[in-house]
There are 2 protein chains.
Amino acid sequence: MNAVNESPRRKELTRLAAQLFVQEGFDRTTVRMLAQEMGIKSGSLFHHFRDKQEILAAVIEEGTQNALSLARQALENCGDSARERLHAMARAHLETLLTDRNAHVVALYEWRRLDAAARDHLSHLRDAYETLWEQVIDEALEAGLVHGDRFLVSRFVMGALNWTVRWYDPEGARKPEDLAHELVAMIAPATQRTAAESTKV
Amino acid sequence: MNAVNESPRRKELTRLAAQLFVQEGFDRTTVRMLAQEMGIKSGSLFHHFRDKQEILAAVIEEGTQNALSLARQALENCGDSARERLHAMARAHLETLLTDRNAHVVALYEWRRLDAAARDHLSHLRDAYETLWEQVIDEALEAGLVHGDRFLVSRFVMGALNWTVRWYDPEGARKPEDLAHELVAMIAPATQRTAAESTKV
DNA sequence: GGTTTACACTAGCGCTTGCTTGGTTGATCT
DNA sequence: AGATCAACCAAGCAAGCGCTAGTGTAAACC
């Protein structure tokens, strides 16, 4: 029973679990269903994970880690202007929501099923991610790009972005890039100043 | 076993069920927990509802009906300008999210637990509500109050509003009215005059 | 060559689940 | 006074749940 390791087998199992958790919900997904999806018997599952809770925690941790590193990377590789940084964050957020969709849906919908210990550990990760966002929002406010209350603006933006998992169609014409652009345009109209940016759309 | 009636007792039970579903989630709420909360034995529960699914459907229907009638009422009692109508809708949405919070949280989080029949029936109700929203968004776009893609703007706005159930504190200083005002200000800044909009599109 | 390790299996324990059954109560109607 | 009816209860069934115990096996390591 190896609890904390990160074997490639365990990672693959985590991926499959995420898929099932999205399809059925955590509570309705039985260890027998998980095992079958993984091609093993239900007993064998507990060699890889201490209990069912740990599978949930593994799924959410995986998704959050990816989101965090993708966001950091996006901020490093973009320009310095508040608009560019805001756009980069929105785009990174939507891209991880797309590529790691299952994990993120689980994180959004099944967070409350985590036990106290796992929730405590994972909320630190999530806080780190949200701090990144608040910094970028602050910059946008200072630059006069967006107006309003710091707390409310960041909540509204996170809501608009996270809500996409409910309606976004990966097969459709719209790319994460497009959504990010449209969102930034909606809350920070390009009509004022910065003549260099009036080319898009 | 009266299935479709609307006795006051049933309404009260529905309210209690909504509270439990929010606290524990639908799957983890057992019929025994529901019965205890209602002050009856688990067997008696099935006199009021055909099965557990029907309780869930009743909770969601109640919430959606209230949201719909509140929104219609708000649109009747507000001014004609696109801004006023947008603000009225946002405010009505947030107010029903506050007063019927439990029912709406259940609708948002447990929708997928509905069986096909209930989901079909309730999605018509929800569509009626979303149609109201899209009309108001359309008016805002035509009036030049907001810019962007019709579909995306309405999805972003709905996301920002619905996300509030995750962080809004009814005991806090902010009223639904304030949130609505701030949201409208964010996506439709008041700085520009209505006449000065001739340059766009 | 012997021991360890990783991974899988079978079998089932103890418990909870949604729901059913058969029956009782007290108020209301005829 | 008898019938009706909504509302409730005690008891329990069949199925399914998470998880454990004990064992087998093939590759890796000393």
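Contact here means that heavy atoms lie within 4.5 Å of each other. With that in mind, one residue can serve as a way into this structure, which is a predicted model. Leaving aside residues up to four places away in sequence, B:Ala82 touches B:Glu139, B:Ala140, B:Ala143 and B:Leu145. B:Ala82 belongs to helix α5 of chain B, which covers residues 82–99, and its C-alpha atom is separated by 7.3 Å from that of B:Val136, although the two residues are 54 residues apart along the chain. Because its relative accessible area is 14%, and buried means under 20%, B:Ala82 counts as buried.

From this residue the view can widen to the place where the two protein chains meet. There, 40 residues of chain B are in contact with 37 residues of chain A, and the two chains bury about 3500 Å² between them, with 62% of that area on carbon and sulfur atoms. Three residues, B:Phe156, B:Trp163 and B:Met186, supply 22% of the area that chain B buries against chain A, which is more than any other three residues provide.

Charged and polar groups also take part in this interface. Between chain B and chain A there are four salt bridges, and one of them joins the side chains of A:Asp149 and B:Arg174, with 3.3 Å from N to O. The residue pairs in polar contact between the two chains, counted where both residues have pLDDT 80 or more, number 12. On the chain B side, the elements that give two or more residues to the surface touching chain A are α1 (8–24), α6 (101–109), α8 (150–162) and α9 (176–187). The largest share, nine residues, comes from α8(B). Sorted by class, the side of chain B that touches chain A has 19 nonpolar, nine polar and 12 charged residues.

The next step is to follow the DNA, beginning with strand C. This strand is surrounded by 17 residues, of which the closest are A:Lys41, A:His48, B:Thr30, B:Arg32 and B:Lys52, and sugar and phosphate make up 58% of the atoms of DNA strand C that come within 4 Å of the protein. Chain A's α3 (45–48) and chain B's α2 (31–38) each supply at least two residues of the surface near this strand. Among the individual approaches, a polar side-chain atom of A:Ser44 lies 3.0 Å from a phosphate oxygen of DNA strand C, while a polar backbone atom of B:Lys52 is 2.8 Å from a phosphate oxygen of that strand. B:Arg32 approaches a base, with a polar side-chain atom 2.9 Å from a base oxygen of DNA strand C. The residues of the surface near strand C divide into three nonpolar, eight polar and six charged.

DNA strand D is likewise surrounded by 17 residues, and here the closest are A:Thr30, A:Val31, A:Lys52, B:Lys41 and B:His48. Sugar and phosphate account for 61% of the atoms of DNA strand D that come within 4 Å of the protein. For this strand, α2 (31–38) of chain A and α3 (45–48) of chain B each supply at least two residues of the nearby surface. A polar backbone atom of A:Val31 is 3.0 Å from a phosphate oxygen of DNA strand D, and a backbone N or O atom of A:Lys52 lies 2.9 Å from a phosphate oxygen of the strand. From chain B, an N or O atom in the side chain of B:Arg9 is 3.3 Å from a phosphate oxygen of DNA strand D. The surface near strand D has three nonpolar, eight polar and six charged residues.

Notes: Residues are numbered from 1 along each chain as its sequence is written. Chains are lettered from A and ligands numbered from 1 in the order in which they are written. This is a predicted model: local features need pLDDT of at least 70, side-chain atom pairs count only at pLDDT 80 or more; totals for chains, interfaces and linings use all residues. Side-chain values use heavy atoms; hydrogens and water are left out. Buried area is the accessible area (1.4 Å probe) that two parts lose on being put together, summed over both. A polar contact is a pair of N or O atoms within 3.5 Å; within protein, one must be able to donate a hydrogen and the other to accept it, and residues adjacent in sequence count only if both atoms are side-chain atoms. Helices (H or I, at least four residues) and strands (E, at least two) are DSSP runs, numbered from the N terminus. Ala, Val, Leu, Ile, Met, Phe, Trp, Tyr, Cys and Pro count as nonpolar, Asp, Glu, Lys and Arg as charged, and the others, Gly among them, as polar. A residue is near a molecule or strand if one of its heavy atoms lies within 4 Å of it. Buried means under 20% relative accessible area, exposed over 50%, partly exposed in between (1.4 Å probe, protein chains only).
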